[in-house]
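Here are some short exercises to work through with the model open beside you. Try each task before you read its solution.

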Amino acid sequence: KAALAYLPNTFVARLLDTITYTQFTPHTITNRMDFLADLEKTKTRGWSLNQEEFTRGIVSVGAPIFSGDHGVAGAICVDIPTIRIENERFLKQVAQKVVHTAQEISDIGSYHHLE
């Protein structure tokens with residue numbers, strides 16, 4: 001989701017046309033509108049969140065990596081067992097570190113994050 005949120009809307013729309021939404025856990029996003037809303041939230045805050053959507057007991061935080069031409073080149077992600085998440089503050093601290101790391105990787109590719 002971290003990379004997908006920054007791809008062109010036409011590409012995302014075509015990709016979502018090919019997806020079959022399968023529920024893996026009670027938290028799985030199961031429709032296009034909810035998925036698009038989650039991508040928008042991802043882009044707004046600068047990091048993605050997967051709260052047990054695919055695997056129970058696992059939360060994932062991701063951030064986009066940008067190339068020298070400012071296009072999204074990939075993403076990094078950290079998986080955390082839910083038992084290790086003390087509170088929302090902890091999750092936000094992890095997200096800040098993931099975003100910082102993604103920005104450092106992007107800088108290696110000559111991209112400087114736009115504030």
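Contact here means heavy atoms within 4.5 Å. The model is predicted, so to speak of local features a pLDDT of at least 70 is needed, side-chain atom pairs count only at pLDDT 80 or more, and totals for chains, interfaces and linings use all residues. Residues are numbered from 1 along each chain as its sequence is written, and side-chain values use heavy atoms, with hydrogens and water left out.

**Exercise 1.** Find which residues Asn50 touches, not counting residues up to four places away in sequence, and decide whether Asn50 is buried or exposed.

*Solution.* Step one: locate Asn50, which is found in strand 1 (residues 48-51). Strands (E, at least two residues) and helices (H or I, at least four) are DSSP runs, numbered from the N terminus. Step two: list the contacts with that sequence filter on, which gives Lys1, Ile58, Val59 and Ser60. Step three: check the relative accessible area, using under 20% for buried, over 50% for exposed and partly exposed in between (1.4 Å probe, protein chains only). Asn50 has 19%, so Asn50 is buried.

**Exercise 2.** Work out the strand order of the open sheet and how many bridges join strand 1 to strand 2.

*Solution.* Start with the pairing rule: two strands pair if DSSP finds at least two bridges between them. Strand 1 and strand 2 (residues 58-66) run antiparallel and are joined by four bridges. One example is Leu49, whose bridge partner in strand 2 is Val61. Then extend to the whole sheet: three strands in the order 1-2-3, with antiparallel pairing. Strand 1 and strand 3 (72-81) are the edge strands, each pairing on one side only.

**Exercise 3.** Classify the aromatic pair of Tyr6 and Phe66, and say where in the chain its two residues lie.

*Solution.* First, the rule: rings of Phe, Tyr and Trp (its six-membered ring) pair if their centres lie within 6.5 Å, with planes under 30 degrees apart stacked, over 60 edge-to-face and the rest tilted. A search of the whole structure finds two aromatic pairs. For Tyr6 and Phe66, the centres are 5.3 Å apart and the planes make 90°, giving an edge-to-face pair. Next, place the residues: Tyr6 is in the segment before helix 1 (9-16) and Phe66 is in strand 2, 60 residues apart. Finally, compare accessibility: Tyr6 has 22%, so Tyr6 counts as partly exposed, whereas Phe66 has 12% and is therefore buried.
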